[in-house]
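Me: Could you go through this model with me, residue by residue where it helps? I'll jump between topics as they come up.

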Amino acid sequence: MRLLVTGGAGFIGANFVRLTLAERPDVDVTVLDLLTYAGSASSLPDDARVTLVKGDVADAETVEALVGEADAVVHFAAESHNDNSLDDPSPFIRTNLVGTFTVLEAVRRHGTRLHHVSTDEVYGDLPLDGDQRFTRDTPYRPSSPYSASKAGADHLVRAWVRSFGVDATLSNCSNNYGPYQHVEKLIPRQITNVLDGVRPKVYGEGRNVRDWIHVDDHNAAVWSILDRGRIGETYLIGADGEADNRTVVSTILELMGQDPDAYDRVPDRPGHDLRYAIDASRLRKELGWEPRHADLRAGLAATIDWYRENEPWWRPQKLETELRYRRLGR
């Protein structure tokens with residue numbers, strides 16, 4: 001099988017490539033990635049079954065040629081950081097909307113199987129004090145330029161399935177964590193802060209809840225959908241890992257031998273969603289997927305160990321990331 005992975009040098013995409021090589025010996029992978037600040041060739045394994053193409057997912061000529069050689073496409077490529085989208089929305093529109101349109105047109109011309117990877121943030125947020133969860137039927141209510149651009153991309157995929165018969169499935173996943181995640185994100189930022197002797201940062205009261213899932217569980221679910229998912233269907237991916245930001249940061253501190261309350265509060269992000277929670281019952285019942293890393297505390301401990309042992313990977317990102325947050329007052 002020849003698989004094209006867009007955004008395959010980013011956090012989730014690179015872990016998807018690594019999982020594929022480990023568990024799918026009959027699959028060769030081509031990665032298309034622009035290698036912006038959030039993508040790195042060093043996240044990919046040195047393996048003859050992987051070909052890295054530096055290129056823009058919104059460049060029709062590049063995408064057309066690569067899709068023409070592929071049996072299937074997994075579309076991870078996206079700008080994905082809320083803070084950055086508030087600072088400058090334009091890259092999010094180009095990559096997430098124009099890029100998805102470009103992929104859709106290429107797979108339409110070649111009749112290629114597509115899986116589109118999206119986020120639960122397209123649904124907006126849920127009350128902190130309720131037990132509601134997002135389902136595939138939850139109305140879209142994106143809060144930021146990032147989530148709005150991903151919502152638009154989801155709508156494009158569904159329209160191309162219905163209007164043009166494109167062979168596509170979709171998934172919306174909760175917050176991922178694990179190795180090779182850029183240090184601008186909550187968990188690696190706070191781990192590397194502690195490693196540097198800097199107090200972690202928490203937005204506002206730290207009560208915002210996220211449904212955390214280990215990146216390997218997300219990617220195993222994507223393969224389940226590729227293998228057995230129904231064309232045109234949307235599957236929500238979550239591992240029942242709800243925890244508020246304050247709890248996540250306190251757990252990191254405790255696991256690293258620090259006072260669980262040794263963090264600082266910073267001004268909250270504009271439009272900060274309150275709570276995300278995923279109902280993944282369709283994925284579990286229909287496709288038989290189950291998370292292997294359901295214990296968030298154990299997953300955080302393993303992630304801390306990875307960042308301790310891989311400083312040469314994350315160190316070049318750290319200074320610029322913290323300078324950017326300082327400019328934003330966060």
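Me: What does Ile191 touch, leaving out residues up to four places away in sequence?
Reply: Ile191 touches Ile252, Met256, Thr303, Ile304 and Tyr307 when residues up to four places away in sequence are not counted, where contact means heavy atoms within 4.5 Å. This is a predicted model, in which local features need pLDDT of at least 70 and side-chain atom pairs count only at pLDDT 80 or more, while totals for chains, interfaces and linings use all residues. Residues are numbered from 1 along each chain as its sequence is written, and side-chain values use heavy atoms, with hydrogens and water left out.

Me: And where is Ile191, buried or exposed?
Reply: Ile191 lies in helix H6, residues 186-195, and is buried with a relative accessible area of 0%. Here buried means under 20% relative accessible area, exposed means over 50%, and partly exposed is in between, with a 1.4 Å probe and protein chains only. Helices (H or I, at least four residues) and strands (E, at least two) are DSSP runs numbered from the N terminus.

Me: How far is Ile191 from Val249, C-alpha to C-alpha?
Reply: Their C-alpha atoms are separated by 8.6 Å, and Ile191 and Val249 are 58 residues apart along the chain.

Me: Zooming out, how many helices and strands are there in the protein?
Reply: The protein has eleven helices and 13 strands. Its radius of gyration is 19 Å, close to the 20 Å that the globule rule gives for 330 residues, so the protein is as compact as a globular protein of that length. That radius is taken over C-alpha atoms, and the globule rule is 2.2 Å times the number of residues to the power 0.38. Along the principal axes, the C-alpha trace spans about 55 × 45 × 35 Å.

Me: What share of the residues count as buried, and what about long-range contacts?
Reply: Of the 330 residues, 57% count as buried. Among contacts between residues at least 6 apart in sequence, 81% join residues at least 24 apart.

Me: Switching to rings, how many aromatic pairs are there?
Reply: The count comes to twelve aromatic pairs. Rings of Phe, Tyr and Trp (its six-membered ring) pair if their centres lie within 6.5 Å, with planes under 30 degrees apart counted as stacked, over 60 as edge-to-face and the rest as tilted. One of them is the pair of Phe92 and Tyr146, which is edge-to-face at 6.3 Å centre to centre, with 65° between the planes. Phe92 lies in helix H4 (residues 90-110) and Tyr146 in helix H5 (residues 145-164), so this pair ties together parts that are 54 residues apart in sequence. Both Phe92 and Tyr146 are buried.

Me: What about Trp160 and Phe164, how do those two rings sit?
Reply: Trp160 and Phe164 also form an edge-to-face pair, at 5.3 Å centre to centre and with 65° between the planes. Both lie in helix H5, four residues apart, which is about one turn of the helix. Trp160 is buried with a relative accessible area of 13%, whereas Phe164, at 41%, counts as partly exposed.

Me: Which residues form the aromatic cluster with Tyr123?
Reply: Tyr123 forms one aromatic cluster with Phe134, Tyr140 and Tyr276.

Me: Back to H5 for a moment, what does Val161 touch?
Reply: Val161, which is found in helix H5, touches Val166, Ala168 and Gly232, again not counting residues up to four places away in sequence. Val161 is buried, with a relative accessible area of 19%.

Me: Now backbone angles: what is phi of Tyr180, and of Asp240?
Reply: Phi of Tyr180 is near 70°, a positive value in a residue other than glycine, and Tyr180 sits in the loop between strand E7 (176-177) and H6. For Asp240, phi is near 55°, again positive in a residue other than glycine, and Asp240 sits in the loop between strand E11 (234-237) and strand E12 (242-244). Tyr180 counts as buried at 14% relative accessibility, while Asp240 is partly exposed, with a relative accessible area of 44%.

Me: Last one, where does Thr112 lie?
Reply: Thr112 lies in the loop between H4 and strand E5 (113-119), and is buried with a relative accessible area of 5%. Not counting residues up to four places away in sequence, Thr112 touches Val67, Ala70, Asp71, Ala72, Val73, Val107 and Asp167.
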